[in-house]
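The exercises below ask you to read helices, loops and contacts from a structure, and each task is followed by a solution in steps. Keep the sequence and the 3D view at hand while you work.

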Amino acid sequence: MEFSEHKPIYLQMAEMMQERILCHVWEEESRIPSVREMGASLGVNPNTIVRTYQLLESDCVIYNKRGLGYFVREGARERIKERQRREFIENELPQFKAKAELLGIAKDELMKLL
């Protein structure tokens, strides 16, 4: 995985993991790689992985079964979609709209592209 220097690695990892859940790579209630497994496969410090897992756990995306590892929480996919939808509408869409207006791109032209 290539990491951007403009965003903390643990946040980039959280996004990657959520994408895997959305794309059904990891199904709800399935086990995900351990901290060590994830760190080794990505070449990332285990402390960074722990921070990522703590973030996802606090967001109710994953949970820890003591002695068994981390699992995708039931309903995680829908929670991720809803959170990302809200962030897109609140943050990205206004920027997109402003840029389209600045460039003189009409709504009907945009609709043809969608």
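**Exercise 1.** Find the helix that holds L22, decide how accessible L22 is, and list its contacts beyond its sequence neighbours.

Solution. L22 belongs to helix α1 of what is a predicted model. The next step is accessibility: the relative value for L22 is 23%, and because buried would require under 20%, L22 counts as partly exposed. Leaving out residues up to four places away in sequence, L22 touches R77, I80, K81 and Q84. Taking I80 from that list, L22 and I80 are 58 residues apart along the chain, while their C-alpha atoms are separated by 7.7 Å.

**Exercise 2.** Describe how α1 and α4 pack, first by geometry and then by the residues that meet.

Solution. As a starting point, two packed helices are described by the angle between their axes and the distance between the axes. For α1 and α4 the angle is about 120°, and the axes are 9 Å apart. The two helices are therefore oblique to each other, and the crossing of α1 and α4 is left-handed. On the α1 side the contact is made by Q18, I21 and L22, which meet R77, I80, K81, R83 and Q84 in α4. Sorted by character, the residues of this contact of α1 with α4 divide into 3 nonpolar, 2 polar and 3 charged.

**Exercise 3.** Work out which residues of helix α2 are buried, and where they lie when the helix is seen down its axis.

Solution. In α2, which covers residues 35–42, the buried residues are V35, M38, G39 and L42. Seen down the axis of α2, these buried residues fall within an arc of 100°, so they line one face of the helix. A general point helps here: an α-helix has 3.6 residues a turn, so residues three or four places apart point the same way. On the other side of α2, the exposed residues are R36, A40 and S41. The buried residues of α2 pack against α1 (9–22), α3 and β2 (69–72). Just after α2 comes G43, whose phi is positive, at about 70°.

**Exercise 4.** Is T52 buried or exposed, and which residues does T52 touch?

Solution. T52 is placed in helix α3, which spans residues 46–58. Its relative accessibility is 0%, so T52 counts as buried. Not counting residues up to four places away in sequence, T52 touches Y10, M13, A14 and M17.

**Exercise 5.** Locate E29 and C60, and state what can be said of the phi and the accessibility of each.

Solution. The background is that most residues other than glycine have a negative phi. E29, a residue other than glycine, has a positive phi near 75°, and it lies in the loop between α1 and α2. With a relative accessible area of 37%, E29 is partly exposed. C60, in turn, has a positive phi near 60°, again in a residue other than glycine. The loop that holds C60 runs between α3 and β1 (62–65), and C60 is partly exposed, with a relative accessible area of 35%.

**Exercise 6.** Place F96 in its helix and compare its separation from M111 in sequence and in space.

Solution. F96 is found in helix α4, residues 76–102, and at 47% relative accessibility F96 counts as partly exposed. Along the sequence F96 and M111 are 15 residues apart, and from C-alpha to C-alpha they are 14 Å apart in space.

Notes: Residues are numbered from 1 along each chain as its sequence is written. This is a predicted model: local features need pLDDT of at least 70, side-chain atom pairs count only at pLDDT 80 or more; totals for chains, interfaces and linings use all residues. Side-chain values use heavy atoms; hydrogens and water are left out. Helices (H or I, at least four residues) and strands (E, at least two) are DSSP runs, numbered from the N terminus. Buried means under 20% relative accessible area, exposed over 50%, partly exposed in between (1.4 Å probe, protein chains only). Contact means heavy atoms within 4.5 Å. The arc is that of the directions from the helix axis to the C-beta atoms. Axes are lines fitted to C-alpha atoms, for helices over the stretch in contact, and angles run from 0 to 180 degrees between N-to-C directions. Angles under 35 degrees count as roughly parallel, over 145 as roughly antiparallel, 65 to 115 as roughly perpendicular and the rest as oblique. A crossing is left-handed if the near helix is turned anticlockwise from the far one by less than a right angle, and right-handed if clockwise. Ala, Val, Leu, Ile, Met, Phe, Trp, Tyr, Cys and Pro count as nonpolar, Asp, Glu, Lys and Arg as charged, and the others, Gly among them, as polar.
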